[in-house]
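Where does this protein leave empty space, and what surrounds its ligand? The paragraphs below take the ligand, the pockets, the cavity and a few backbone details in turn.

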Amino acid sequence: MNLSPTLSTAISNFQLPDPLGFGRVTGPVMFVADYINGAWQAGELMTYEPIALNPAATSLQFAQQCFEGLKAFWVEQDEPALFRPDENAKRMARSAERLCMPEVPHTLFLDGVKAVTQAMKPLIPRRSGESLYLRPMLYGMDTQYPLAGSDNFRFAIVCSPSAAYFAKPISVLVERDACRAAVGGTGDVKAGGNYAGSIQATRRCIERGYDQPLWLDPVERRLIEELSAMNICAIIDGALCSPALNGTILPGITRATLLTLADDLGMPALEQPIDINSLLDDIDSGRCSELFACGTAAIVNPIAVLADGQRITRLQQVDAEAARFKAALLGIQEGRSADSRGWMFNSAE
Ligand SMILES: Cc1ncc(COP(=O)(O)O)c(C=O)c1O
């Protein structure tokens, strides 16, 4: 790939942090394509830098913005490979539609993530569990005080060489006050506004010594939904169970992948409503043997403690089945296992 001298210099001067962590640095490369007067313009690879945005833009005023998160792996492969980027492109199209933004064409989305990945090759970590985290985003650029939305948009992709989100089993606190999403709202798309509304509870939970809040359904506050930036799975009666998608949960690509991989691991997979009180009782009785978080950033991360107010429940088993799922997932992503379902996309093709 031919890079401009400025971009080549930015890449060769870039230092990765040690420890790498998750999202600690933004890589020196970004991809930008604009949607102007009803048409997508050609995308461009450039040096990562602040970009001008009118302070009255709809993305800043009304959160007319959505994003994605996906990874390129380069552990055993000849070339860095992207995991299911077509699913991210589809989810971004759904988010865009919900927020009245134009769909980013699949070819533009894929060309963009491939271009950033190829340019970042010298900076992609090659140790197991590490990867290039890519963050595509789409946002409104016009200034509109009446609530009409923009006509002109920007699609951009930034990236971060990263390790997993958490380095150890996490503790989770049931969120009893705030709600993340309402039925008919935007909880099932990846809108930045969903996350703005989650920060307060997430901070509160971290201040209390936990890692992530567990959101409950907004109507009865009884059914578990997801964590602030990842889905949740439980092993109940030997089956992989994840809360049924009900319009308020983000349909995670990792979650869907694990539900598919369960079959390979000889485990039934169920998507069903999971009542928080039954879940806590099932953990106490041993029917629920394990809990874990899953997501692009988290990969598969065991949960050691689930707290609900004063009721603190410790999982009897931590990281047994989660470790099997993580090994199966990373095996495919890192090129050790056959990719029989066509999930990996070579970034050089
Ligand atoms: C709120 C939320 N739920 C779930 C997920 C997991 O989704 P995925 O597996 O597609 O990364 C994420 C991560 O993007 C998230 O932000």
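**Ligand, pockets and backbone**

A polar atom in the side chain of threonine 296 lies 2.6 Å from an oxygen atom of the ligand. The model is a predicted one, and the distances here are computed from its atoms. Two further side chains make contacts of this kind. In glutamate 226, a side-chain N or O atom is 2.5 Å from a nitrogen atom of the ligand. In arginine 91, a polar side-chain atom lies 2.8 Å from a ligand oxygen atom. The ligand taken alone exposes 380 Å², and the protein buries 97% of that area. There are 15 residues around the ligand, and those that come nearest are Lys190, Tyr195, Glu226, Thr254 and Thr296. Glutamate 226 and threonine 296 thus appear both among the nearest residues and in the polar contacts just described.

The next topic is the open space in the protein. Rolling a probe the size of a water molecule over the atoms shows where empty space is left. The largest pocket has a volume of about 900 Å³. It is lined by 45 residues, and Phe67, Tyr133, Arg135, Lys190 and Tyr195 are the closest to its centre. Lys190 and Tyr195 are also among the residues that come nearest to the ligand.

Which elements give two or more residues to the lining of the largest pocket? They are strands E7 (131–140), E8 (153–162), E11 (224–227) and E15 (288–295), together with helices H5 (192–207) and H6 (253–264). Helix H5 supplies the largest share, six residues. By class, the lining of the largest pocket holds 25 nonpolar, 13 polar and seven charged residues. Where does the largest pocket lie with respect to domain 1 and domain 2? Domain 1 (5–163) and domain 2 (170–333) both give residues to the lining, so the largest pocket lies between them.

The second largest pocket holds about 160 Å³ of space. Its lining consists of Arg84, Glu87, Lys90, Arg91, Arg94, Leu245, Pro251, Gly252, Ile253, Arg255 and Ala256. Arg91 in this list is the arginine with a polar side-chain atom 2.8 Å from a ligand oxygen atom. Two elements, helix H3 (85–98) and helix H6, each give two or more residues to this lining. Helix H3 provides the largest share, four residues. The classes are four nonpolar, one polar and six charged residues. Domain 1 and domain 2 each contribute at least three residues to the lining of the second largest pocket.

Besides the pockets, the whole structure has one cavity of 30 Å³ or more. The space in the largest cavity is about 120 Å³. Of its 13 lining residues, Phe83, Thr254, Gly295, Thr296 and Gln333 lie nearest the centre. Thr254 and Thr296 were met above among the residues that come nearest to the ligand. Strand E5 (70–73), helix H6 and helix H8 (321–333) each supply at least two residues of the cavity lining. Strand E5 gives the most, with three residues. The cavity lining divides into six nonpolar, six polar and one charged residue. At least three of the lining residues come from each of domain 1 and domain 2.

A few backbone details remain. Most residues other than glycine have a negative phi, and most peptide bonds are trans. Against that background, three places stand out for a closer look at the chain. Aspartate 18 and proline 19 are joined by a cis peptide bond, with omega about 5 degrees. Proline 19 sits in the loop between helix H1 (5–13) and strand E1 (29–36). Aspartate 237 is not a glycine, yet has a positive phi of about 50 degrees. Aspartate 237 belongs to the loop between strand E12 (231–236) and strand E13 (239–243). Aspartate 319, also not a glycine, has a positive phi of about 70 degrees. The loop that holds aspartate 319 runs between strand E17 (311–314) and helix H8, and helix H8 also gives residues to the lining of the largest cavity.

Terms used: Residues are numbered from 1 along each chain as its sequence is written. This is a predicted model: local features need pLDDT of at least 70, side-chain atom pairs count only at pLDDT 80 or more; totals for chains, interfaces and linings use all residues. Side-chain values use heavy atoms; hydrogens and water are left out. On a 1 Å grid over the protein atoms alone, a cavity is a set of points where a 1.4 Å probe fits but cannot get out, and a pocket is an open set with protein on both sides within 12 Å along at least five of seven lines; lining residues have an atom within 4 Å of a point. Grid points are joined across faces, edges and corners, and a volume is the space filled by probe spheres set on the points. Ala, Val, Leu, Ile, Met, Phe, Trp, Tyr, Cys and Pro count as nonpolar, Asp, Glu, Lys and Arg as charged, and the others, Gly among them, as polar. Domain bounds come from an automatic or database domain assignment. A residue is near a molecule or strand if one of its heavy atoms lies within 4 Å of it. A polar contact is a pair of N or O atoms within 3.5 Å; within protein, one must be able to donate a hydrogen and the other to accept it, and residues adjacent in sequence count only if both atoms are side-chain atoms. Accessible areas come from the Shrake-Rupley method with a 1.4 Å probe; for residues, only the protein chains shown count as cover.
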